[in-house]
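Biologist: Would you please take me through one part of this model closely, namely the largest cavity and what lines it? I should also be grateful for some account of the chain around it.

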Amino acid sequence: MNSLQQPGWSKIFDRWWVVAIAVGLIRLVVLIGTSDAFVVDSDAYWSLAKTWHETGTFGHLGFDQVAKPTAYRPPLYPWLLSWIANTEIINKPALITIHLGLGVATCILSWSIAKELFRSGTSSHVGSSFLTTFAPGLVGLSVAVDPILVRQSTLVMTETLATLLSTLVWWTWIQLEVRGKLWNLYSGLAIGALIGLFSLTRSSGIVWLPLLILLTFASCFRRFPTVTGLKFIRFLLLLSVGGIIVLLPWSTRNRVVMGKTIWTTTHGGYTLLLANNPILFDHYEKESLSRDWNETRFHEWWAEKSSGSASASELQQDSYANGLAWQSIRDRPVGFAWACIARLGWLWGWWPSHVESTSRFAIVMIGAWYGFTTLLFAVAALSGLSHFRKSFDPCWLPAIALVLGICGVHMFYWSNMRMRAPLVPIVYVTCGSLITQFVNRPRRG
């Protein structure tokens, strides 16, 4: 439909700066108005950034004030914070600025993705066209007010940066695809490099690249008839090379200072053990798949188990935790099977499990929000799969690969709601796509 048929005032919803102002104000109010924003450094990211800023070493300061290198956390977020870590306490104004910028950028990218994907299938009906114009802005606003992203934006945690990077990967793929440049020489390198940066923020991203390569390969000649075999193979190779180029300095650094080539972190063993241990398996047998389990008992058990290796290196501790986890899995295969189901449910939970400081009304509203959006996302995903053969759109490949990757990783490793933060824009774009397709469907008569 041309602009003469469309209500002029509705064009405001088609402006990126309108969305930027709206989501920026929302996030700014949250960041300034949250009393406990950036107060606690629960995962030691600020500590790592401060040590990096002061010594040039990614590590922790010992009692002798010498920095000890670590690979326990992914490096990109601490590196970003190291540029502002020039204060004794957490630099709250600088963190507000950084997280506000990252959050607004994520919302704008989500809006742009939705705008591109919702453009197809618009009917000549004025109301339908208006919805198609308005829906991308609604996606951006949904990302801005999403409870997980809002809460994580007030914490010294990686979710805000990780969500921006995951959305940037998808946005870049779509922009290249719709402009016919996806198969150009440097496109694969660029996308692979961005996925590498995401993996340096969230270790679970390490599976995204191979899954995307696999899905793209499975869709190759049948789904991309205009792409030659040589160009297709070149793209997949460059996709791999792009990711490796970004990850190689980190793995090489770990080989030099840690004594082992580590592509992700040394946190994997503990994360696997936290998700697969006798205490949690006992909980499944007695309390079903509830998320309210006694973590204190686990920490006491782990402290007892690791007491004999207190002087062990970080790598040895990681290996020991990994071994205990696999021992638990071998000893309790039924408990492990239940755990896989539970972790998938925990990943897609509708409300937080620890809610002592949250009002009952807020919990009900969060549950209602996620109940509706998650069910709509499931319906949209199933609908998309049912029409996959006849309505395949390569623009969705990175999103599908990331959803499969994060769900797959967190079926085995520790899982909770915040782990799905990088998927949040995908959820809202998918929901919006289903709604616009339903409204814009051909009418009989």
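Modeller: The answer below begins with the whole chain, turns to the cavity, and then visits other parts.

This is a predicted model, in which local features need pLDDT of at least 70 and side-chain atom pairs count only at pLDDT 80 or more, while totals for chains, interfaces and linings use all residues. Residues are numbered from 1 along each chain as its sequence is written, and side-chain values use heavy atoms, with hydrogens and water left out.

The protein chain has 19 helices and 2 strands; helices (H or I, at least four residues) and strands (E, at least two) are DSSP runs, numbered from the N terminus. Of its 445 residues, 49% are buried, where buried means under 20% relative accessible area with a 1.4 Å probe, protein chains only.

Now to the cavity itself. Rolling a probe the size of a water molecule over the atoms shows where empty space is left. A cavity is a set of points, on a 1 Å grid over the protein atoms alone, where a 1.4 Å probe fits but cannot get out; lining residues have an atom within 4 Å of a point. Grid points are joined across faces, edges and corners, and a volume is the space filled by probe spheres set on the points. By this rule there are 2 cavities of 30 Å³ or more, and the largest holds about 60 Å³ of space. Its lining consists of Asp 146, Trp 348, Tyr 370, Thr 373, Thr 374, Arg 420, Val 424, Val 427 and Tyr 428. At least two lining residues come from each of the helices α17 (360-386) and α19 (424-439).

Elsewhere, helix α2 (residues 45-55) has as its buried residues Tyr 45, Trp 46, Leu 48, Ala 49, Lys 50 and Thr 51. Their cover includes the strands β1 (59-61) and β2 (67-69), together with the helices α3 (76-82) and α4 (92-118). Just after α2, Gly 56 takes a positive phi of about 80°.

Another helix, α15 (residues 314-331), contains Ser 328. Ser 328 is buried, with a relative accessible area of 6%. Leaving aside neighbours within four places in sequence, Ser 328 is in contact (heavy atoms within 4.5 Å) with Asn 276, Asn 277, Pro 278 and Phe 281. Across the protein chain, among contacts between residues at least 6 apart in sequence, 77% join residues at least 24 apart.

How values were computed:
Buried means under 20% relative accessible area, exposed over 50%, partly exposed in between (1.4 Å probe, protein chains only). On a 1 Å grid over the protein atoms alone, a cavity is a set of points where a 1.4 Å probe fits but cannot get out, and a pocket is an open set with protein on both sides within 12 Å along at least five of seven lines; lining residues have an atom within 4 Å of a point.
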